[in-house]
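Me: I would like a close look at one residue and its surroundings. Please keep to the interior and work outward from there.

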Amino acid sequence: MVNSPLSPGTTTLLERQAGMISGQPRVRYHGTVTAINGDAVTIAGLSHLAMLGDQVSLSGTAPDGEIIALEQDDLTAILYDDPRQIKIGCSIFLSPQLNPKPSTDWIGHVLNHRLQGPDGQEMPQGLHEAPLKAKPPAPATRKRLGRRLNTGVAAFDTFLPLCQGQRIGLFAGSGVGKSTLLAELAKRTDADIVILALIGERGREVRNFVEDTLGAEGMKRAIVFAATSDDPAPLKKRTAYLAMATAEQYRDQGKQVLLLFDSLTRFAEAHREVALAAGEVPSLRAFPPSTFRAVAALTERAGPGAEGNGDITAVFSVLVAGSNMEEPVADMVRGILDGHVILEREIAERGRYPAIDVRRSVSRSLPEAATAEENQILAAARSLISAYEENAPLIRAGLYTAGADPMLDEAVRLWPQLDQFISVLDVKNAEESFAALKEILLGAPADAAPAEKANSAVG
């Protein structure tokens, strides 16, 4: 193998590194490190061949960093490992970013950014490449949302339906049952394959999630891509793109894919770190302007496929400190997804899981995803939940007087059953969930307006 300095020509880097060209040996291009700033290094001599996203290597074999900025005479790369192993003047090699080739051999395994399993062995790859940064299907060719999915979670099967190709956000703080809820969806939701992206997770929690929370049953049809909190920002982004590219490959094969992405906040933070190192100017809470486009570009790749293909139904978790829905990432995500589900810490603290705040959560697949009868039942149940929660402080303080408000009287009486209904995690299908909810409402007094509404709905 011949080492060569940069010499611009008509042949692309991909062609030159693909093997023999015009009978000449394969050529490796290298540049020189001219500056080191934290995890970022400046490299001279490669800018005319390099592209954003290409990788660099100290040895010329395994990648050790990724190019994040290009200028006329040099480029900037972020290293994956400690930069103290290099010094000014050392050589660094260039290699194009390689796309994965998803394989059915990956099912049931946890993979890192190098497509290695927990034992460090590289997993076998398939025949067809899946572009890491593909564009979503053209808007005019995408299907509408498909049928309502059975999730096994009563709240999702009724109040917050999840349809084929829908993308929702799961907004939660730490420790309120987000991972457990994602695992329940992975085990029970109608799908041909489940792709999980664990981005920025604590290292010890990855194994716990896979073995204990998800379990052997959940892993039978799942592929897990994991990047831990100590991984460099480019690797977190790469792992996220690997998960999305794999989901797209199965979608294009006609499969129904469930993508569980935990978390979109960590992806946005990784993008922020890379963008700031590349020289972008921070704006809102240090997030550069390109963050919104990066998040939107990633989430838009999920959703309904083109006619003849499958769909990617996606649940993106979003971390919200102190239940602040106005945080930059939370605020931008609500506008680009097809619904948001809020997990409330106060609900978790009183022992109800999943801690879904039904009143503040929305699925944009309604009312189309439910029948007219089901929509009337949901309206009646939401009215009762809202009436109780709006007056909860008065009720707890003992200031509520029975008989003053028929709606509130009914809400107080049915609240324990409604609250328990939201916590059910083992229903067979949406029809069973609606039957249980209808039974709760039919137990209300006939003179109460919501009950009359429910009764008229069920005949």
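Which residues does Ile356 touch, not counting residues up to four places away in sequence?

Reply: The model is predicted, so local features need pLDDT of at least 70 and side-chain atom pairs count only at pLDDT 80 or more, while totals for chains, interfaces and linings use all residues. Residues are numbered from 1 along each chain as its sequence is written, and side-chain values use heavy atoms, with hydrogens and water left out.

With residues up to four places away in sequence set aside, Ile356 touches Ala155, Phe156, Leu160, Leu181, Val341, Ile342, Leu343, Ile347, Ser361 and Ile422. A contact here means heavy atoms within 4.5 Å. Over the whole chain, 70% of the contacts between residues at least 6 apart in sequence join residues at least 24 apart.

Ile356 belongs to the largest nonpolar core, which has 60 residues. Together with Phe156 and Phe159, Ile356 is among those with the most contacts inside this core. Helix α10 (residues 372–390) supplies the largest share of the core, eight residues. A second, separate core has 43 residues, including Ile223, Leu264, Ala296 and Ala330. A nonpolar core is a set of buried Ala, Val, Leu, Ile, Met, Phe, Trp, Tyr and Cys residues joined through side-chain atoms within 4.5 Å. Buried means under 20% relative accessible area with a 1.4 Å probe, protein chains only. By that measure, 53% of the 459 residues in the chain are buried. In soluble globular proteins, nonpolar side chains tend to be buried together.

One of the residues touching Ile356 is Leu181, and Leu181 is a buried residue of helix α3 (residues 178–188). The other buried residues of α3 are Lys178, Leu182, Ala183, Glu184, Leu185 and Ala186. Their cover includes α2 (154–157), β9 (167–172), β10 (193–201), α4 (203–219), β12 (256–262) and β14 (311–319). Helices (H or I, at least four residues) and strands (E, at least two) are DSSP runs, numbered from the N terminus; the chain has 14 helices and 16 strands.

Two of the covering strands, β10 and β12, lead further into the interior. β10 pairs with β11 in the parallel sense over seven bridges, where pairing takes at least two DSSP bridges. Strand β8 (residues 110–111) also runs parallel to β11, joined by two bridges. Val224 in β11 is the bridge partner of Leu196 and also of Val110. Seven of the seven residues of β11 (residues 222–228) are buried. Ala222, Val224, Ala226 and Thr228 point one way from β11, and Ile223, Phe225 and Ala227 point the other way. Ile223 is also part of the second core.

β12 gives three residues, the largest share, to the lining of the second largest cavity. A cavity is a set of points on a 1 Å grid where a 1.4 Å probe fits but cannot get out, and lining residues have an atom within 4 Å of a point. The volume of this cavity is about 30 Å³, taken as the space filled by probe spheres set on the points. Leu149, Gln164, Thr189, Asp190, Ala191, Gln256, Val257, Leu258 and Thr313 line the second largest cavity. The structure holds two cavities of 30 Å³ or more, and the largest has a volume of about 60 Å³.

Note on methods
Buried means under 20% relative accessible area, exposed over 50%, partly exposed in between (1.4 Å probe, protein chains only). On a 1 Å grid over the protein atoms alone, a cavity is a set of points where a 1.4 Å probe fits but cannot get out, and a pocket is an open set with protein on both sides within 12 Å along at least five of seven lines; lining residues have an atom within 4 Å of a point.
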